[in-house]
Amino acid sequence: MAPPPDTTIARGSSRLTLVAALVVAAPALVLRLTGADIAHTLEALLFGVAIVGAAFLLSWAAEVARLDIPAGLALAVLALIAVLPEYAVDFVFAWQGGTSVRLHGPSCPSGEPGAASPCSLALANMTGANRLLIGIGWASVVFIAWYRTRRLQRRAEQRPDDGVEAPARSVRWSDVKLERTHAVEVAYLGVATIYSLTLPLKHSITLFDSVVLVGLFVAYAIRLARAPAEEPHLVGPASWIGSFAVQRRRAAVIALFVWSAVVIVLCAEPFAHALVETGRQYGISEFFLVQWLAPLASEAPEFIVAALFAWRLETSSGLGALVSSKVNQWTLLVGSLPIVFAIASRSFHGLPIAGIQREELLLTAAQSLFAVAVIVNLRMTIAEALAISALFWAQFVASLIAGEHHHNEVLLITSAVYLTLGVALLVRSHREARDLLRDGFRTPFAQLMD
């Protein structure tokens, strides 16, 4: 029997979307393999689009992979894979920084007068990605869920006898609630955040920091591996791939992983280079482009996946995936940078923290502390989402207005606000924090899921 027409249309649309994500990499791959000389702006655009397409493929493949691995671990894997493009770009700068130190000494020079050093760009890319994840990602899940709920309520009130809209009449907005199982992500994020507050006090992110942070990620993954398996709700291309027979589905997932990895590996370095050269060509701060534009491009699919969860009112999954991504970035990403740097520099030197990067790290850690304090009770209200978003944009706009001369002051003032609010919230919610740590580190998953 043929499938219903709407199912046929949905599958056709999913196939077209999947093919589009595959083929958008073609111009970048041709450019990479031929070495053609084109404008840096167009070069950055082509390589950036290829990375975005690969990131979508990774997200869909990771969602389908949830059919075969435990639910909690699947969420962590999905979050990890979704930020792989971010890792690739950041690793490029860390490798360049290590190479610069090996050739020119421990000061990590840029090689160009007045240009930012690759070590600074590596940290800029990392801090920008972390702050975008919370300031835009976390808050957007709440905003979308609030809007979607209000919209369903209005439609239900206008058509009270419509059976299709009947479920919406029972929907009442209060806040986004994380399931109790997400205490694991929040607890590990809290520990990673507390440790990250020590980084601005140092001259470099060392290999010892790598051991601590990567060790936290390993412990986090082991903890999640104990969660029971759970069939996910797939949509779009992921739903179509998930409908394949088991062997064909697994082969498709592996093929998508391999293809995406190849695209990201081939495009990450020229994308980073083209982005920096574009900034120099047009007088735009390369630091600004690397800190904000590069992570926004590489994390766009992750934001879109979370937004789709929120639109379907699966808010726990949407916010939970972004919290898990934050754990990955604060542990594995930050912990991996000194390792990449050490390999490239052929030394045991840590990744240097110099100049404005000290304040950038402090602000990123302070924002993380505030965010953890907000969701220590496993929920986020619209007011809390507005606070997170407003602080993020206030700092962003104030830094643009202040310029380089007063940028430090803006970062320090915003950090102080984040830290003050975060500590105040944690003191007020100390009982919830204690319960969260117990659930995150000790309570069996069977009990968390009751």
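This report describes salt bridges in a predicted model, with attention to where the paired residues lie and how accessible they are.

## Overview

The predicted model holds 11 salt bridges. Three pairs are described below, namely R131 with E360, R312 with E314, and D435 with R438, followed by a network to which D435 and R438 belong.

## A buried pair between two helices

R131 and E360 form a salt bridge in which the closest N and O atoms are 2.9 Å apart. Because R131 lies in helix α6 (residues 118–158) and E360 in helix α13 (residues 357–374), the pair ties together parts that are 229 residues apart in sequence. Both R131 and E360 are buried.

## A partly exposed pair

In the salt bridge between R312 and E314, the closest N and O atoms are 3.2 Å apart. R312 counts as partly exposed, with a relative accessibility of 26%, and E314 likewise counts as partly exposed, at 22%; the cut-off that matters here is that buried means under 20% relative accessible area.

## A pair within helix α15 and its network

The side chains of D435 and R438 meet in a salt bridge with an N to O distance of 3.1 Å. These two residues are three residues apart in helix α15 (residues 430–441), so about one helical turn separates D435 from R438. D435 is partly exposed, with a relative accessible area of 26%, and R438 also counts as partly exposed, at 37% relative accessibility.

Beyond this pairing, D435 and R438 are linked with R180, R434 and D439 in a network of salt bridges.

How values were computed
Residues numbered from 1 in each chain as written. Predicted model: local features only at pLDDT ≥ 70, side-chain atom pairs only at ≥ 80, totals over all residues. Heavy atoms only, no water. Salt bridge = Lys/Arg side-chain N within 4 Å of Asp/Glu carboxyl O. Helix = DSSP H or I, 4+ residues; strand = E, 2+ residues; numbered from the N terminus. Buried < 20%, exposed > 50% of the residue type's maximum accessible area, 1.4 Å probe, protein only.
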